[in-house]
Amino acid sequence: MPSEIVMARDLTVGYKGRQVWRSANFSVNRGEFVAVIGPNGAGKTTMFRMLLGLQQPLSGTLRVFGAQPRRGNPKIGYVPQRHVIDNETNIECIELVRLAYSGHRWGLSLSAREEKRAAMDALEAVGAAELADKSLASLSGGELQRVFLAEALVSDPEMLLLDEPLSNLDIRRAKELVELIGSVVRSRNVATLLVAHDINPLIQFLDKVIYIANGKVATGTPERVLTSKNLTALYGTHVEVLHDSLGHILIHSVHGGPEEPPEEDEHAARH
Amino acid sequence: MNMLPGTEIASALQGIFRYQFMQHAFEVGTIIAVVAGIIGYLVVLRRSAFAAHAYSEIGFAGGAGSVLIGTTPLIGSLAAAILGGLTIAVLGNRASHRDIEIGSVLAFAMGLGYLFLTLSSGNDAANAINLLFGDILGVSSSSILLTLVVSLMVLIVTVLVYRPLLFVSLDEDVAEAKGMPTLLLGGLFMVLLAAAVSVAIQVTGVLLIFALMVIPAAIAVRLIKRPKYAIALAVAIAVLATWAGLFIAFYVPYPVSFFITSIVFAMYLLVRLLSRLTVSRAWRPGALTGA
């Protein structure tokens, strides 16, 4: 079985009349834990949409499992950025996971026991068995993310795409979730791409970073990518990478204050 | 109200069923309540209540058109609502949430319906009131058959697409990535909803459509976390409210749809009140930190 799951050569993506990023080369191998990092609107969600076959590249080559990306590839488990979960979504967690397993089937369910078993296994794999009969609307942010992870794992994928799972969590919950994802990556040997703004909660678990900024993409191990020289080249402005005594990283734009740009909606890049 | 002893209810029902219009009303009302409870659950889950209201008012224009040319109102309202459903289906999923566009279309539909009623030769005030507030006691034999056929078709299609539709309603992004036909399913639901609404307005009228199409399901969603059981409860509430409304209206000279609306609304208030009490007892800070 080939170990290369994703291969991008000279890949340029965007929308009519607008390139989001260009000439990117990167790869993801079986069982790798990869962070996709970059400012809002840099095109991180766009990358996922390409991998999912929901959007076509403007030019270049993209291979997923050795073939053109196609919508509905069962080898991919996906957790999108925002789920609408509000008070009206009073539905037990196991039902969502179960639908991810059998929701594509038409007609009445003929194998309820098997579906329930698969959903329970997925919930157990993320330590959320006790949430099975809880309402989605009653969960905390961290619990929700675990259930979404189970939803993605229930079809036993070989690659996980997780879009900003940490964005609504406090530091402690984010750390717990990253540890859980890290252990899922190792125990199931499932390649995982995780979109995040901040690399710090992830850094000790990562095999690779894909850094997107300023229409360009840099990739490699965290130590190789996250240097002042590389990020300065990427952003086209003087950027310094500072390390603290605990191994945390601060990415700092020397001229314009802290690097993180003002909030803008990532979805702006999708329309 | 004092409960009647069982034997008295039985003899009361015997009295009621001696009248054919009451038999018909119970038959049609029951079919419609079943359909409304099931489709209503998906309406609540998909937050399509406004679309339900829109089809109802588009159905008014069609029903009034039928009155003008002298056919059964149900035929006109079905045709108009399904046409509206197909239009929104073709425009795409997101169209069902475009409040301004839908609002503009339904205002025009109401105006058109008013014009048709004014042009028709009969008593336009009575026709308008029947269309707006329901006319279950005046339902004709041909309407019963048509209602039965449309309801069965809606139910069969709903059973066929139940799981994909539930999944798409709950998690559209993941369903899309899994290659499911989200646009097709959303469009299909718009047509199912349009058909269900146009049969239901016979009971509740155009303006009280929420009484059967939204409120029973809204109650069920609050009480039950498992979709199949929630749907069963929504159906039970809609059916019981319809029966109770017909039963009371036989003895009390006020409109059926008023009683049905009042019964489901009282239940809704009660459930909201009870859930507020239980939620405040089980309140925990963690429940609010997540998104």
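Start in chain A of this predicted model by selecting strands β1, β2 and β4, which form an open sheet of 3 strands in the order β2-β1-β4 with antiparallel pairing. Colour β2 (18–29) and β4 (59–64) of chain A separately, since these are the edge strands, and each of them pairs on one side only. If you look along the sheet, the twist from one strand to the next averages 20°.

Next, select strand β1 (residues 4–15) of chain A together with β4(A), and you will find two antiparallel strands joined by 5 bridges. A convenient place to centre the view is A:Met7, whose bridge partner in β4(A) is A:Arg63. While you are here, add helix α1 (residues 44–51) of chain A, which packs on the sheet and touches β1, β2 and β4 of chain A, its direction making about 120° with that of β1(A).

Now move to the other pairing of β1(A), with β2(A), where the strands again run antiparallel and are joined by 8 bridges. Here A:Ala8 is the residue to label, along with its bridge partner in β2(A), A:Phe26. Follow the chain from β1(A) into β2(A) and you pass through a hairpin that has 2 residues between the strands, with A:Gly17 in the turn adopting a positive phi of about 80°.

**The second sheet of chain A**

Hide these strands and select β5, β6, β7, β3, β8 and β9 of chain A, listed here in their order across an open sheet of 6 strands with mixed pairing. At the edges stand β5 (76–79) and β9 (216–220) of chain A, and each has a single partner strand, so one side of each is left without a neighbour in the sheet. The twist in this sheet averages 15° from one strand to the next.

Towards the β9 edge, select strand β8 (residues 208–213) of chain A with β9(A), a pair that runs in the antiparallel sense over 5 bridges. The bridge between A:Ile210 and its partner in β9(A), A:Thr219, can serve as a landmark. Then turn to β5 and β6 (159–163) of chain A and bring in α4(A), which lies across these two strands and runs at about 155° to β5(A).

**Where the chains meet**

Display both chains and select the residues in contact between them, which come to 32 in chain A and 28 in chain B. On the side of chain A that touches chain B, α2 (93–102) and α4 (141–153) of chain A each supply at least two residues, and α2(A) gives the largest share, with 5 residues. If you colour this side of chain A by residue class, you should see 12 nonpolar, 14 polar and 6 charged residues. For the model, the scores are ipTM 0.87 and pTM 0.87.

**Helix packing in chain B**

In chain B, select helix α3 (residues 49–69) and helix α4 (residues 73–91), whose axes come within 6 Å and cross at roughly 140°. That angle is why α3(B) counts as oblique to α4(B), and the crossing is right-handed. To see the contact, show side chains on both helices, including B:Tyr55, B:Ile58 and B:Gly59 of α3(B), and B:Pro73, B:Ile75 and B:Gly76 of α4(B). By class, this contact has 9 nonpolar, 9 polar and no charged residues.

Keep α3(B) in view and add helix α9 (residues 182–204) of chain B, which packs against α3(B) at an angle of about 55°, the axes lying 9 Å apart. These two helices are therefore oblique to each other as well, and their crossing is right-handed. From α3(B), B:Ala51, B:Ala52, B:Tyr55, B:Ser56 and B:Gly59 meet B:Met190, B:Leu193, B:Ala194, B:Val197, B:Ser198 and B:Ile201 in α9(B). The residues of this contact divide into 8 nonpolar, 3 polar and no charged.

**Confidence along chain B**

Finally, colour chain B by pLDDT, which has a mean of 87 over the chain, with 91% of the residues reaching 70 or more. Among the elements of chain B, helix α12 (residues 227–251) has the highest mean, 96, whereas helix α14 (residues 286–289) has the lowest, 42. Select residues 282–291 of chain B last and read this stretch with care, for the pLDDT there is below 50, and beyond near neighbours in sequence the stretch has 13 contacts in the model.

Technical notes. Residues are numbered from 1 along each chain as its sequence is written. Chains are lettered from A and ligands numbered from 1 in the order in which they are written. pLDDT is the predictor's confidence in each residue, from 0 to 100. Helices (H or I, at least four residues) and strands (E, at least two) are DSSP runs, numbered from the N terminus. Two residues are in contact if their C-beta atoms, placed from the backbone, lie within 7 Å. Ala, Val, Leu, Ile, Met, Phe, Trp, Tyr, Cys and Pro count as nonpolar, Asp, Glu, Lys and Arg as charged, and the others, Gly among them, as polar. Axes are lines fitted to C-alpha atoms, for helices over the stretch in contact, and angles run from 0 to 180 degrees between N-to-C directions. Angles under 35 degrees count as roughly parallel, over 145 as roughly antiparallel, 65 to 115 as roughly perpendicular and the rest as oblique. A crossing is left-handed if the near helix is turned anticlockwise from the far one by less than a right angle, and right-handed if clockwise. Two strands pair if DSSP finds at least two bridges between them.
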